[in-house]
Amino acid sequence: MVKGKATYEVPIGPIHPALKEPFMVNFKLEGEKIVDADPHPGMNHRGIEFMGMHRNPLKVIPLAERTCGICSIVHQHMYTTALEHAVDIVPTERSRYIRTIMMELERIHSHVLWAGVAAHEIGFDTHMHFTWKIREKVMDLLEAISGNRVNYSMWTFGGVRRDIEEDMHPQIKETLDYYKDLYDKLEDIFLGDPSIRHRTRDVGILTKKKALELCGVGPTVRGSGVKKDVRIDQPYSAYPDLELDYVIPSRYGYENKGDVFSKTLVRLKEIIQSIDLIEQCVKKMPEGEITSEPNKAALLNKLKTASGEGIGRLEAPRGEAMHYVRLTEDNEDVDCWKIRASTYNNLATYAPMFMGEQIADIPIIAACIDPCIGCMDRAEIVDIETGVKEEYTKDELHELSVQKTKDLLEGIDR
Amino acid sequence: MNRKELPLNLDELEEYLTEELGDDIKEFRTEEIEKGLSKKYMKLIWMRVIKDSFRDAVKAIADIQTPHLSVASGSDKGDFVELIYHFMVNYGFAEQETAINLKVHLPKDDLAIPTITDIVPGAITTEREKQEFLGIDVKDIPDDRRMWLDENYPEDKYPWRWDEDGMEDMSRHVHEKEQTFEEPVSERVKKEEKDGE
């Protein structure tokens, strides 16, 4: 145990023993109750924007894709659309539909993955293995379409690099049917199970007012009833042609409470929404070319002297994200590039969500924003009354969380 | 502002912003980009205000609707640093959301800007980022600790600056140079070394 100031930084190297990425939150406690939470990101800042500003616009596409492993489509889409906006490249209609299908498939895979993580955090590893098993199906489809399981390399300026042809439709249909059949089971596990309900109801509440003030994004704020969804507010790609509505709990007869349960509900319902959107896309997809800029050498030559600025926004699985790109005549490389991922905005929502909760609830609340920069690797606890500091490792916290579920189970009439 | 009924269209927004800020607006342009087969439009406003009325501009935007601040992007443009605050208004209304990209130029000899966290509390992350990546002094920021960069990274070097305060000399021909900062040594290694002695 260390005595000292209220907060300090724990440097964690690039190599990390845990499953997820390095990230830390400092907590202040009064006994068992959390009174303050202070997130510390940047344990492994890679300087991707700096690298991008030293490369030509075409070379940045694969770099942008590698910003994140789970939402690699998100970042290549935003970068490509931001640059298309800056230099007035119009993507072909067919490619917009292909982009939308890919983005929605990624949403399914991300939400299913998140459900597994959430179940694991509260001690239901059977559910984790179940969800991660069913996630393989959509990964297989993504691989069949793009040739890759994780970094898909699909996007290019003016469209996409691979087509979704007629002969792929049966596999798409089969995958979607697979999730439709399993969906009731998923909902039964995560919304119906009394012990999961006990661990998620009224935990980690984010009020609508706080959600708006702190500029939170995605399912994190939609669980609080905030109507923010770029797919509807400022539609891109094929979304203007599709029918969709804001997924908020009150639409399904639940209260817009903003607790972990509401966020779970929103994510699960979005899986069904994604399935519907993909079906609409497959049905409406127009014929035509998949890219409007097939000649890459000519395009690169044009981009060398092009100038302009643009923004690319989308609704990532974790919420709104955006890129800003600027090209100038006297700079062959990308002149300015700013990446803003969803978790960047959701970081600020941690403090109100943790307030007043118990140590054993830390893992599930930390997971409920679906943090992209990883999980809580090490939580540092300061007891306000004694000023004594303790450090909890992820495993110890996980133990506490599992124990809480066990204690609850004994008290519940199943 | 007499609260008008949301959503405001581009003309109404232009009228409102020019009325509120007047001559303090130095550049103003609106943009509509066609999206989809059903011909819907993505709406954007790009505007630059003088530095002194930056907070007034943010207040004017905040009066429309609790603003959604996506992020503030910034870049070194030689004599000055350009910051762009990407605000979103009209969210919650299908196809009506409008991006207001608020630009402000900060001269290199006075890289300071007032905080907006009292108007938009969610701006704290991006303000902290601008401090360490561009060397901007955000006045009255409630929390000025370093957020993203390593603690061993020099205090007076800023990754997104292209002048002598940038990190160009740190990132090129690294092999020819002496190390300018110490390698981080973890507490565990220090302890092991001490025990070894």
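A residue is called buried when its relative accessible area is under 20%, exposed when over 50%, and partly exposed in between. With that scale in mind, the tour may begin; the model in the viewer is predicted.

First stop: the contact between chains. Please select B:Trp148, which lies in the loop between β7 (137-139) and α4 (168-171) of chain B. Its relative accessibility is 8%, so B:Trp148 counts as buried.

Next, turn to the aromatic rings in general. A pair of such rings is described by the distance of the centres and the angle of the planes. Over all chains, the count comes to 12 aromatic pairs. One of them joins A:Tyr236 and A:Tyr239 edge-to-face, at 4.9 Å centre to centre and with 65 degrees between the planes. Both partners may be selected in turn: A:Tyr236 is buried because its relative accessibility is 3%, and A:Tyr239 is buried at 1%.

Return now to B:Trp148 and add A:Tyr344 to the selection. These two rings are stacked, with 5.6 Å from centre to centre and 5 degrees between the planes. The pair crosses between chains, with A:Tyr344 placed in helix α13 (residues 342-346) of chain A. A:Tyr344 has a relative accessible area of 8% and is therefore buried.

Select A:Tyr79, A:Phe157 and A:Trp337 next; ring pairs link these residues into a cluster.

The last stop is on the surface of chain B. A patch of negative charge gathers B:Asp11, B:Glu14, B:Glu15, B:Glu19, B:Glu20, B:Glu32 and B:Asp63. Helix α1 (residues 10-21) of chain B contributes the largest share, five residues. B:Glu20 is located in this helix, and its relative accessibility of 40% means that B:Glu20 counts as partly exposed.

How values were computed. Residues numbered from 1 in each chain as written. Chains lettered and ligands numbered in written order. Predicted model: local features only at pLDDT ≥ 70, side-chain atom pairs only at ≥ 80, totals over all residues. Heavy atoms only, no water. Patch = residues over 30% accessible without salt bridge, like charges linked within 9 Å, V, L, I, M, F, W, Y side chains within 5 Å. Areas by Shrake-Rupley, 256 points an atom, 1.4 Å probe, with all protein chains shown as cover. Salt bridge = Lys/Arg side-chain N within 4 Å of Asp/Glu carboxyl O. Lys, Arg positive; Asp, Glu negative; His and termini not counted. Charge placed at Lys NZ, Arg CZ, Asp CG, Glu CD. Helix = DSSP H or I, 4+ residues; strand = E, 2+ residues; numbered from the N terminus. Buried < 20%, exposed > 50% of the residue type's maximum accessible area, 1.4 Å probe, protein only. Phe/Tyr/Trp six-rings, centres within 6.5 Å; stacked < 30°, edge-to-face > 60°.
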